[in-house]
Amino acid sequence: MKRDSMKCPKCGAEMNCHAEKPVDPLSAKEAAAAAQGALVEEIHLCPRCGFTESRRLIA
Ligand SMILES: [Zn+2]
C-alpha cells in the first residue's frame with residue numbers, strides 16, 4: 001500500500017517517515033484496525049529543518 005507523503009508544516013519540504021509505533025484505539029473503527037495490527041502512529045521527520053510530526057494511520 002502506498003502511503004501519502006507528508007509536507008513539513010514549517011518549511012514545506014517533503015517529510016520522511018522514520019518510525020511507526022502502535023497506539024491505543026480511540027474508536028470502534030480504530031479498535032477493529034488495532035486487532036489486526038493495522039493501527040499505527042507514524043513519526044515524520046523533516047530533512048530540511050528537523051521538525052517532527054506524527055499522525056495516526058489505519059494501514
Ligand atoms: Zn521543515
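**A zinc site and a four-stranded sheet**

Okay, let's start in the sheet: Ala 19 has Ile 43, in E3, as its bridge partner. That bridge sits in a predicted model, so let me give you the confidence straight away, because pLDDT is the predictor's own confidence in each residue, from 0 to 100. The protein chain averages a pLDDT of 91, with 95% of its residues at 70 or more. Among the elements, strand E3, residues 39-45, has the highest mean at 95, and strand E2, residues 14-22, has the lowest at 92.

Now the sheet itself. It's an open one with 4 strands, in the order E1-E2-E3-E4, and the pairing is antiparallel. At the edges you've got strand E1, residues 6-7, and strand E4, residues 52-58, each pairing on one side only. E2 and E3 are joined by 6 bridges, running antiparallel.

While we're on E3, have a look at Glu 41, which is in that strand. Is Glu 41 buried or exposed? It's buried: its relative accessible area is 15%, and the cut-off for buried is under 20%. And what does Glu 41 touch, if we skip residues up to four places away in sequence? The list is Ala 19, Glu 20, Lys 21, Val 23, Ser 54, Arg 55 and Arg 56. So Ala 19, the bridge partner of Ile 43, turns up again among the contacts of Glu 41.

On to the metal. Which protein residues hold the zinc ion? Cys 8, Cys 11, Cys 46 and Cys 49, each through its SG, lying 2.3 Å from the zinc. Along the chain, those donors follow the spacing C-x2-C-x34-C-x2-C. The angles among the 4 donor atoms run from 103 to 118 degrees, and the site is tetrahedral. That call follows because four donors count as tetrahedral if all angles lie between 85 and 135 degrees. For reference, the ideal angle for four tetrahedral donors is 109.5 degrees.

Two of those donors have accessibility values I can give you. Cys 8 is buried, at 5% relative accessible area, whereas Cys 11 is partly exposed, at 29%.

Last thing, since somebody will ask about disulfides. How many are there? The count is 0. Cys 17 isn't in one: the nearest cysteine sulfur belongs to Cys 46, and that's 14 Å away, while a disulfide needs the two sulfurs within 2.5 Å. Cys 17 is partly exposed, with a relative accessible area of 38%.

Terms used
Residues numbered from 1 in each chain as written. Predicted model: local features only at pLDDT ≥ 70, side-chain atom pairs only at ≥ 80, totals over all residues. Heavy atoms only, no water. Donors = N, O, S within 2.8 Å, 3.2 Å for Na, K, Ca; no water. Tetrahedral: all angles 85-135°; square planar, octahedral: opposite > 155°, others 65-115°. Buried < 20%, exposed > 50% of the residue type's maximum accessible area, 1.4 Å probe, protein only. Helix = DSSP H or I, 4+ residues; strand = E, 2+ residues; numbered from the N terminus. Pairing = 2+ DSSP bridges. Contact = heavy atoms within 4.5 Å.
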